[in-house]
Amino acid sequence: MALIITDECINCDVCEPECPNGAIAMGEEIYEIDPLKCTECVGHFDEPQCVVVCPVDCIPKDPEHPENQQQLLGKFFRLHPDKTPYLQGGLKT
Ligand code: SF4
Ligand code: SF4
C-alpha cells in the first residue's frame, strides 16, 4: 500500500530527501507522495523511512492504494531495474 501525507504535515522538509524512490515532493500546500513510486520502502529498508523521520506522525497507509508485498516489490523492480532488493527477513506475504 502506498503511504499518504495528511494535512497535519508541517512542511518540515525532512522526509523528502529520505525517500529512496523519489516519491515525495512538495505539492500545492503540503508534501505529497506519488503512489506510483511509493513502495513502503520495500526493497530498500525494513521500515518506511518517511514515517521514521516524520516528527508529527502524519504519514499513514493510503487505503485508496491497496498493495501486497509482492506488488510493492514489483514496483521496486520497475523503478530500479538494475538493483538487487534488500529483503531482511524475507518477503512478507
Ligand atoms: Fe518513499 Fe518509503 Fe515513504 Fe514510500 S514509504 S514515500 S518509498 S520513504
Ligand atoms: Fe510533512 Fe512529516 Fe514530511 Fe515533515 S516529515 S514534511 S511533517 S510529512
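1. A residue counts as buried when its relative accessible area is under 20%, as exposed when that area is over 50%, and as partly exposed in between. On this scale D13 is partly exposed, because its relative accessible area is 42%. This residue belongs to the segment before β1, and although D13 is not a glycine, its phi is positive, at about 75 degrees. The model under discussion is a predicted one, and the remarks that follow should be read with that in mind.

2. The segment before β1 (24-26) also holds N11, another residue whose backbone deserves a look. The phi of N11 is near 55 degrees, which is a positive value in a residue other than glycine. N11 is partly exposed, its relative accessible area being 27%.

3. Which residues surround ligand 1? The shell consists of L3, C19, P20, N21, I24, I33, C38, T39, E40, C41, P48 and C50. When these residues are sorted by class, nine are nonpolar, two are polar and one is charged; the charged one is E40, since Glu is counted in that class.

4. Around ligand 2 there are 14 residues, of which C9, I10, C12, C15 and C54 come nearest. This shell divides into twelve nonpolar residues, one polar residue and one charged residue.

5. E40, already met in the shell around ligand 1, is placed in the loop between β2 and α1. It is buried, because its relative accessible area of 10% falls under the 20% limit. The side chain of E40 reaches the backbone nitrogen of M1 at a distance of 2.7 Å. Once neighbours within four places in sequence are left aside, the contacts of E40 are with M1, L3, E47, P48, K61 and L72, so that M1 appears both in this contact list and as the partner of the side chain at 2.7 Å.

6. The largest nonpolar core comprises 16 residues, and within it I5, I24, I33 and I59 are those with the most contacts. Leaving out neighbours up to four places away in sequence, I33 is in contact with L3, I4, I5, A23, I24, C38 and I59. That list includes I5, I24 and I59, and I33 also takes part in the shell around ligand 1, as do L3, I24 and C38.

7. How many aromatic pairs does the structure hold? There is one. It is formed by F76 and F77, whose ring centres lie 5.6 Å apart and whose planes meet at 80 degrees, so the arrangement is edge-to-face, given that planes over 60 degrees apart are assigned to that class. The two partners are set apart by their accessibility: F76 is buried, with a relative accessible area of 0%, whereas F77, at 39%, is counted as partly exposed.

8. F76 itself is a residue of helix α2. Apart from residues up to four places away in sequence, F76 touches T39, V42, G43, H44, K83, T84 and P85. Between F76 and H44, which are 32 residues apart along the chain, the C-alpha atoms are separated by 8.6 Å.

9. G43, one of the residues touched by F76, is found in the loop between β2 (31-33) and α1 (49-53). Is G43 buried or exposed? It is buried, its relative accessible area being 4%. Not counting residues up to four places away in sequence, G43 touches L73, F76, P85, Y86 and L87. K83 lies 40 residues away from G43 along the chain, yet their C-alpha atoms are separated by 9.1 Å.

10. Helix α2 (residues 69-79) also includes L79, which is partly exposed with a relative accessible area of 31%. With neighbours within four places in sequence set aside, L79 is in contact with N21, K37 and T39. Of these, N21 and T39 also belong to the shell around ligand 1, and T39 is touched by F76 as well. L79 and K61, by contrast, are 18 residues apart in sequence and 20 Å apart in space, as taken from C-alpha to C-alpha.

Terms used. Residues are numbered from 1 along each chain as its sequence is written. Chains are lettered from A and ligands numbered from 1 in the order in which they are written. This is a predicted model: local features need pLDDT of at least 70, side-chain atom pairs count only at pLDDT 80 or more; totals for chains, interfaces and linings use all residues. Side-chain values use heavy atoms; hydrogens and water are left out. A residue is near a molecule or strand if one of its heavy atoms lies within 4 Å of it. Rings of Phe, Tyr and Trp (its six-membered ring) pair if their centres lie within 6.5 Å; planes under 30 degrees apart count as stacked, over 60 as edge-to-face and the rest as tilted. Buried means under 20% relative accessible area, exposed over 50%, partly exposed in between (1.4 Å probe, protein chains only). A nonpolar core is a set of buried Ala, Val, Leu, Ile, Met, Phe, Trp, Tyr and Cys residues joined through side-chain atoms within 4.5 Å. Contact means heavy atoms within 4.5 Å. Helices (H or I, at least four residues) and strands (E, at least two) are DSSP runs, numbered from the N terminus. A polar contact is a pair of N or O atoms within 3.5 Å; within protein, one must be able to donate a hydrogen and the other to accept it, and residues adjacent in sequence count only if both atoms are side-chain atoms.
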